[in-house]
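Biologist: I have not looked at this one before. Can you walk me through it?

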2 protein chains.
Amino acid sequence: MADSSFHDIAVLITKLESTLRLTDAERHALERLPMQVQALRADQDIVRVGDQPSRSCLVLSGYTATYKMTGEGKRQIHAWHIAGDIPDLQSLHLKVMDNSIITLTPCRVGFITPEHLRELCRAQPRLMEVFWRQTLIDGAVYREWVTNVGQREAYNRMAHLLCEWMTRVRAVGLNEGDACELPMTQSELADALGITTVHANRVLQKIRGDGLIALTGSRLEILDWEQMKQAGDFDPLYLHQNPAEAAA
Amino acid sequence: MADSSFHDIAVLITKLESTLRLTDAERHALERLPMQVQALRADQDIVRVGDQPSRSCLVLSGYTATYKMTGEGKRQIHAWHIAGDIPDLQSLHLKVMDNSIITLTPCRVGFITPEHLRELCRAQPRLMEVFWRQTLIDGAVYREWVTNVGQREAYNRMAHLLCEWMTRVRAVGLNEGDACELPMTQSELADALGITTVHANRVLQKIRGDGLIALTGSRLEILDWEQMKQAGDFDPLYLHQNPAEAAA
DNA sequence: CGACTCTTTGAATTTTGTCAAACTGAGTGG
DNA sequence: CCACTCAGTTTGACAAAATTCAAAGAGTCG
């Protein structure tokens, strides 16, 4: 565990600036935000259902996911998080966690107390709007996931997930052209899509066989973006990434 | 179309007071909120995907739902709304609608401009927190829906939906004991659960046959709440209804 | 090398979807 | 008041999608 530093908070500033130009005052307020940095191994729960966390976490590097277990022991993953994301920003106004958060890879995360976040929001009302906006985008993504899981067949569901992943990763510059890291196992992909691991494997094989992607180890490359968008019925509107629209 | 009145905004005040005691100043600010009241027929779109709405809508009476169409013409319903809900509160910070909203029954809705809502939030910061919190709860419900559609079989999915419905309706007093109105058709239930209408009918028959509910016309009665909770794997934590916890 | 986890494959089974048609009940207009 | 319409519900037979169970490869790390 270590103290906050300018370098650590940079991922958050980068993320926020991707949709909104920050003022110097806002940037400085963010840089002064007290944060406890911690390194975590893969497959570790950061918070669990029922927790009343005393701090929020900012992903500095690595990847995490939120999930929930059903009474029958099945796991549903609701979201992936990458550098700059705050997976439990909801705990700013909801006292009890209704989902768990787990690291998919080794991670560095920064813990921020709600008091400091509130203070920041009070001092910089525009940042508050940006945070609120971010939670609304999270909601928009959940809506799309409901649609994906509810209405599309497994093949198209997987294609949609991969399109979304590439689009989000690209927005924060973690891509190399049409290639990027795909840090989740097929079992985790399956739990995000509401299908079994076996079936996830089969549809991945099919998408590969159709020449739409290359997937070796944890490296994903989209070979035919047009066909992928079509297969996944992917329209990035719901990600609300357009910076122009955010400037309002 | 008619002007705002104290009576119309009452449903919102009731809803907000169910999780938080309002001050007189807050109540008065709400009562002064300009609102255009409109009566709508059933099955009418209030807003559509791609719209950049110039006003948010508050459901005064009747029921609405948000939904999205896939490229293949399938419809996914993400949420139901009842009196006191603001289905497109998201448009306060997201300029483009990524979902449509439709009336399930004849409705009275009140339209409020984002400017007036912003003004209200500025003047009454605690109300802003309440609205933000409400959007976070919407997100929590989406997460549960992803889980429901992704991990549970049709029978349990339906049971879960009915448990949630009764719990929400009860919170605003639209129930009569363990009975209430169920204003959506089986086709709409199916589109919310990610199953076909035929299959929705079959699982409803089964739930009835098992003696868990009575369903005649649009009147739902839960006959065996314990077994329903178990069948639906229903834990209301995600609805964050506990008023005590909201008072923080 | 050995112990893992993760991926891949095959065969049988279950759940759910598709198609088609009949039934029901609440209006509507003659 | 009775046919008629129309949306919504119900049923049956068949097809497709996805799961389950079981086991074999592949890759990685100590």
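Modeller: We can go from the single chain to the pair of chains and then to the DNA. Keep in mind that this is a predicted model.

Biologist: How many helices and strands does chain A have?

Modeller: Chain A has 9 helices and 10 strands.

Biologist: And what does the C-alpha trace of chain A span along its principal axes?

Modeller: About 55 × 40 × 30 Å. The radius of gyration of chain A is 18 Å, which agrees with the value near 18 Å for a compact globule of 248 residues.

Biologist: What percentage of chain A counts as buried?

Modeller: 46% of its 248 residues. As for contacts in chain A between residues at least 6 apart in sequence, 74% of them join residues at least 24 apart.

Biologist: Which residues have the most contacts inside the largest nonpolar core?

Modeller: They are A:Leu58, A:Leu162 and A:Leu193, along with B:Leu58, B:Leu162 and B:Leu193. That core has 140 residues. In soluble globular proteins, nonpolar side chains tend to be buried together.

Biologist: Take B:Leu193. What does it touch?

Modeller: Leaving out residues up to four places away in sequence, B:Leu193 touches B:Val149, B:Ala154, B:Arg157, B:Met158, B:Leu161 and B:Ala200.

Biologist: Changing topic: what rotation superposes chain B on chain A?

Modeller: A rotation of 180°, with 0.0 Å of shift along its axis and an RMSD of 0.0 Å. The two copies are thus related as by a two-fold rotation axis.

Biologist: Through what surface do the copies meet?

Modeller: Through the same surface, because 100% of the interface residues of chain B are also interface residues in chain A.

Biologist: Now the DNA. How many residues surround strand C?

Modeller: There are 15, and the closest are A:Thr185, A:Gln186, B:Glu153, B:Ile195 and B:His199. By class, that surface has 5 nonpolar, 8 polar and 2 charged residues.

Biologist: Which helices each supply at least two residues there?

Modeller: From chain A, helix H6 (186–193) and helix H7 (197–209); from chain B, helix H7 (197–209). H7(A) gives the most, with 6 residues.

Biologist: And which residues come nearest to DNA strand D?

Modeller: Of the 16 residues around DNA strand D, the nearest are A:Ala154, A:Ile195, A:His199, B:Thr185 and B:Gln186. Two or more residues come from each of H7 of chain A, helix H6 (186–193) of chain B and H7 of chain B.

Biologist: Which one gives the most to the surface near DNA strand D?

Modeller: H7(B), with 6 residues. The residues of that surface divide into 5 nonpolar, 9 polar and 2 charged.

Note on methods: Residues are numbered from 1 along each chain as its sequence is written. Chains are lettered from A and ligands numbered from 1 in the order in which they are written. This is a predicted model: local features need pLDDT of at least 70, side-chain atom pairs count only at pLDDT 80 or more; totals for chains, interfaces and linings use all residues. Copies are superposed by least squares on the C-alpha atoms of residues with pLDDT of at least 70 in both. Two residues are in contact if their C-beta atoms, placed from the backbone, lie within 7 Å. A residue is near a molecule or strand if its C-beta atom, placed from the backbone, lies within 6 Å of it. Helices (H or I, at least four residues) and strands (E, at least two) are DSSP runs, numbered from the N terminus. Ala, Val, Leu, Ile, Met, Phe, Trp, Tyr, Cys and Pro count as nonpolar, Asp, Glu, Lys and Arg as charged, and the others, Gly among them, as polar. A nonpolar core is a set of buried Ala, Val, Leu, Ile, Met, Phe, Trp, Tyr and Cys residues joined through C-beta atoms within 7 Å. A residue is buried if 20 or more other C-beta atoms lie within 10 Å of its own, exposed if 12 or fewer, and partly exposed in between; C-beta atoms are placed from the backbone. The radius of gyration is taken over C-alpha atoms; the globule rule is 2.2 Å times the number of residues to the power 0.38.
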